There are 2 protein chains.
Amino acid sequence: MELSSKSEYALLALLHLADRYQDDEPLQIRQIAADQDIPDRYLEQLLATLRRGGLVKSQRGAKGGYLLSRAPWSISLLDVLRCLEGADANLADNNGSDRNLESAIIYEIWVEVDRAANDVLQHYTLQDLKDRRDARKQLDLMYYI
Amino acid sequence: MELSSKSEYALLALLHLADRYQDDEPLQIRQIAADQDIPDRYLEQLLATLRRGGLVKSQRGAKGGYLLSRAPWSISLLDVLRCLEGADANLADNNGSDRNLESAIIYEIWVEVDRAANDVLQHYTLQDLKDRRDARKQLDLMYYI
DNA sequence: AGTATACTCCGGTTTTCCGCTGGGTTTTGT
DNA sequence: ACAAAACCCAGCGGAAAACCGGAGTATACT
C-alpha cells in the first residue's frame, strides 16, 4: 500500500512528457530530473523501462530525448505501474494454489483487494492527471487574485 | 500490492484463535506455528504486536497462550493489517502536502486507491474467513463422497 | 568530418526492509 | 522448586529499492 519513489518518479516524468505531447520536440532526462528534483541516473533507468514497455519512445543524439508514444488519454496509471513492476518480473509468482486451505482463502481475498485497487488505477489516465493539475493551478490563481 | 508473509501469518494465527473463541483455553505459539508451518519466533513477534493493538490477549506462564480479545465477527481484515503496519510506525509519513503540485495530485490518487483497497478489507471479518473455509471444507468432503 | 549532445547498456554501491533467529527475563501453574 | 509459557531486545542475511559511473552509440549541427 505504499507509493514507491519509482512509481512517483515515473508518473512525474510521464506527466512532463504529456505536457508537450503536441509538439514533437523531445524532452531530455536532465530537464525532467532538474524540474522535479529526481536523481537523473535513476530516472534514466525508469524511462528505459517505460520505453521497453512501449509507453515512451526515445530520440538519440543531440536534440534528442523522450516522447510519449501514445496519447495521454490512452495511458492509464495501471499501464504505467504494470510496466514498472512487470520489469521486475515476478516469475516465481506463488498463486497459493499449492498451500493449505486457510492460505488459499486469504489469497482469494487478496485477489479481490488487488482488483479493487486496479480498478481505480485503470480509470485514471495521464490526461486526467494533467487536467486535474491544471484545474488546481487555475484555482490557486483565483485565490491569489 | 503484495501480500506479505507477515500479514498472512498473522491472519492464519488469528483464524486459529477464532476457532476456539468459545472456550477460554488459550492457544500456544508453538501450537499455531507447528500447525501452520510458521517460524515460531517470528510468530511470537507478530502476536506481541497484535496484543499491543488490542486484537488478542495473552495468558502468561504455564498453560498460557493467546486468546482473541474480541469476537471474530468484530475484527476486520483491515483492523489486522492496520495493526501490523501501524507497528512499524511511519512517523515520518510524508503526506505530500509539502511537495509540488504534481506530486500532491499523484498522492491524492493514491489515497483513492488505498481507500478502495481498504473498503474491501474492512468488509471481511475473521468470522467471514472462518465461514468461507468451513464451507470449502464441506464442499471438498462432498466431492470426496 | 568533427564535435557536442543525448540516449544505451552494463555494472557496482549504498541503503533499507523483511523474514528470521538467539539469549536472557518474567510470569504462572503444578 | 520446577517447568512451561509469554516477554523483551538485539542482531543477522539476503533481497530489493534507490542511486551512481563509465564506456559505447546514435544523432544533429557546424
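**Salt bridges, DNA contact and the chain interface**

A:Arg30 is exposed, with a relative accessible area of 61%, where exposed stands for over 50%, buried for under 20% and partly exposed for what lies in between (1.4 Å probe, protein chains only). The model is a predicted one, in which local features need pLDDT of at least 70 and side-chain atom pairs count only at pLDDT 80 or more, while totals for chains, interfaces and linings use all residues. Residues are numbered from 1 along each chain as its sequence is written, chains are lettered from A and ligands numbered from 1 in the order in which they are written, and side-chain values use heavy atoms, with hydrogens and water left out.

The partner of A:Arg30 is A:Asp40, whose side chain meets that of A:Arg30 in a salt bridge at 3.6 Å, N to O; a salt bridge here is a side-chain nitrogen of Lys or Arg within 4 Å of a carboxyl oxygen of Asp or Glu. A:Asp40 belongs to helix α3 of chain A and A:Arg30 to helix α2 (residues 29–36), so that the pair links parts of the chain 10 residues apart, helices being DSSP runs of H or I with at least four residues and strands runs of E with at least two, numbered from the N terminus. A:Asp40 is partly exposed, at 28% relative accessible area.

In chain B, B:Asp40 and B:Arg30 form a salt bridge whose closest N and O atoms are 3.5 Å apart. This pair ties helix α3 of chain B to helix α2 (residues 29–36), across 10 residues of sequence; B:Asp40 is partly exposed at 27%, whereas B:Arg30 is exposed at 63%. Salt bridges that share partners also join A:Asp19, A:Lys130, A:Arg133, A:Asp134 and B:Glu102 into one network.

A further salt bridge in chain B runs from B:Asp19 to B:Arg133, with the closest N and O atoms 2.8 Å apart. Because B:Asp19 lies in helix α1 (residues 5–19) and B:Arg133 in helix α6 (residues 126–144), this pair ties together parts that are 114 residues apart in sequence. B:Asp19 is partly exposed at 36%, but B:Arg133 is buried at 4%.

Next comes DNA strand D. Of the 25 residues around this strand (those with a heavy atom within 4 Å of it), A:Gln45, B:Ile29, B:Glu44, B:Ser58 and B:Tyr66 come nearest. Sugar and phosphate make up 56% of the atoms of strand D that come within 4 Å of the protein. A polar side-chain atom of B:Tyr66 lies 2.3 Å from a phosphate oxygen of strand D, a backbone N or O atom of B:Ile29 lies 2.8 Å from a phosphate oxygen, and a backbone N or O atom of B:Ala62 lies 3.4 Å from a base nitrogen. Helix α3 of chain B gives the most to this surface, with 4 residues.

The last topic is the interface of the two protein chains. Chain B and chain A bury about 3700 Å² between them, 67% of it on carbon and sulfur atoms, buried area being the accessible area (1.4 Å probe) lost on putting two parts together, summed over both. B:Met1, B:Ile106 and B:Trp110 supply 19% of the area that chain B buries against chain A, more than any other three residues. Between the chains there are 8 salt bridges, and B:Glu112 forms a salt bridge with A:Arg132, the closest N and O atoms being 3.6 Å apart.

Conventions
Polar contact = N/O pair within 3.5 Å; in protein donor to acceptor, adjacent residues only side chain to side chain.
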